[in-house]
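Me: I've got a protein model open and want to talk through a few spots in it. Can you take my questions one at a time?

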Amino acid sequence: MELIDYSSSIWSVVPPLLALTLAMITRRVLLSLSVGIIVGALMLTAGSPLNAAIYIKNSVLSLVYGEEGLNHNNVNIIIFLLMLGALTSLLTVSGSNQAFASWAQKHIKGRRGAKLLTACLVFFTFIDDYFHSLAVGAIARPVTDKFKVSRAKLAYILDSTAAPMCVLMPISSWGAYIMTLVAGLLTTHAIAGYSPMGAFVAMSAMNYYALFALFSVFFVAYFSFDIGSMARHERQAMQAEHQDESSDDEDNKGSVGGLIIPIVVLIIGTVSMMMYTGYEALAANGQGFSVLGAFENTTVGISLVVGSLAAFAVASLFVFNRISVTDYIKAILLGFKSMSGAITILFFAWTINTIVGDVNTGKYLASLVSGNMMTQLLPALLFLLAIVMAFSTGTSWGTFGIMLPIAAAMAANADPSLMLPCLSAVMAGAVCGDHCSPVSDTTILSSTGAACNHIDHVNTQLPYAAVVAIASFVGFICLGFTSSAILGFVTTAVVLAVLFFIFRSRQQVLA
């Protein structure tokens, strides 16, 4: 089936823009995504309902099984979600969640401690954003519930630590992917003086959005800095009566180890499998083993599945002889059911992302960058463009793939000294747009991990992301004009401090 090319037309932004606008207005994500999908399919097939239906059918099927066979990545992510749902359900049935919450209530002194604990867990789970959002959500939710922290605040903490930490760490699925792209770009444009690792570290130091998004999470957690609709959600959580999810008997029979040990197994199992699949890929290419090389060539999906299966098996041991086989099966099915909403939204999001790719939204947005602009403004403008692209497409990785080569080519032609600042700006903008997008995988899974209404999470996180984005934009302007990463960092910090001061002076701080 021949599709219409919209790569040079403003019409290419209609499907994602329509879906995003409707999602914000109606708060009905699936309906909004459905409209975007149908409109996009009709556009691509010249308005033919029959061809549009065939196109949508083929697009959905390709998410699971395409021309090259089974889509292992998507299938593994679905299996991981189901297993994590089952694992969470078993942790609840065993009483381990409540035991950990009771332990935390004795050792953590208030809401501030619960929020800081959640934020600090990213330093142990930074290997992958999916893994972080769901695993930390399962660990932290009973604790934040105990201290009446809103689910919206929990989702914000999960989301705003996941991608920023992953994009800054070389030993992560994100870091490995970015270093692969950067290595090719450095070779293509004959940029000497940097190894891929050296370039990545330098770019991370200039990734102002990721750095200050992380800082903002700890600032918000410590000072209860609630702006926009987040303040309303926090007030409602404070006023609500806490309901334990399990009985006193479950509290008594559960143990903290029953939660900690399966989660540790999940982390170790996932990391070990990432190392193993990376080693296999290196060996197949005749290369020697290295940790960074393994992460660069790892297969994230199957690693997550193996880790979750191992954790599930360990969690099953903690309920052995405590519940009947019937209750055990019911718990597993309940866990699967709890993930059905996230899986459905993911399928819809993946489908509209396919359509966004076919209507060439990314190519059109990239073409908006004119070659006549001031060279010094390149980092700031690429930052904005990457935000728009990631927001529209819902993918940081897709934005990296499209925008990093464009940014490298523009910098090489304009001023090679701006190569790394321009690449850093794209990385920062991609993470920012991903944070703001309702169709982003990480945003969806952060809502799932926190058991928070998805649109509530999007609406409450947006003001924080916008404040950090404004400060980062000014920082990238400074970086472009001064070529000093330190001055850009200081500028971003000062602007962010001023914005925080303005907002904080107008808010009523929760105790």
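Me: What is the mean pLDDT of the protein?
Reply: Keep in mind that this is a predicted model. A share of 92% of the residues reach 70 or more. Averaged over the protein, the pLDDT comes to 83.

Me: And over which residues is the pLDDT below 50?
Reply: That stretch does have 16 contacts in the model beyond near neighbours in sequence. Still, where pLDDT is low, the predicted coordinates shouldn't be read in detail. The stretch to look up is residues 244–252.

Me: Is threonine 270 buried or exposed?
Reply: Threonine 270 sits in helix H14, which runs over residues 257–284. Leaving out residues up to four places away in sequence, it touches Ile127, Phe131, Val265, Ser303, Leu304 and Gly307. Its relative accessible area is 1%, and the cut-off is under 20%, so threonine 270 is buried.

Me: How many of the residues of H22 are buried?
Reply: Helix H22 covers residues 419–436. At 1.5 Å a residue it should span 26 Å, and its end C-alpha atoms are 26 Å apart, so the two agree. H22 is largely enclosed by the rest of the structure, because the buried count is 18 of the 18.

Me: What about valine 490: what is its relative accessibility?
Reply: Valine 490 is in helix H25, residues 485–504. It helps make a nonpolar surface patch of about 660 Å², together with Ile486, Phe489, Val494, Val498, Phe501 and Ile502. Valine 490 counts as partly exposed, because its relative accessibility is 41%.

Conventions
Residues numbered from 1 in each chain as written. Predicted model: local features only at pLDDT ≥ 70, side-chain atom pairs only at ≥ 80, totals over all residues. Heavy atoms only, no water. pLDDT = per-residue confidence, 0-100. Contact = heavy atoms within 4.5 Å. Patch = residues over 30% accessible without salt bridge, like charges linked within 9 Å, V, L, I, M, F, W, Y side chains within 5 Å. Areas by Shrake-Rupley, 256 points an atom, 1.4 Å probe, with all protein chains shown as cover. Salt bridge = Lys/Arg side-chain N within 4 Å of Asp/Glu carboxyl O. Helix = DSSP H or I, 4+ residues; strand = E, 2+ residues; numbered from the N terminus. Buried < 20%, exposed > 50% of the residue type's maximum accessible area, 1.4 Å probe, protein only. Expected span 1.5 Å × (residues − 1).
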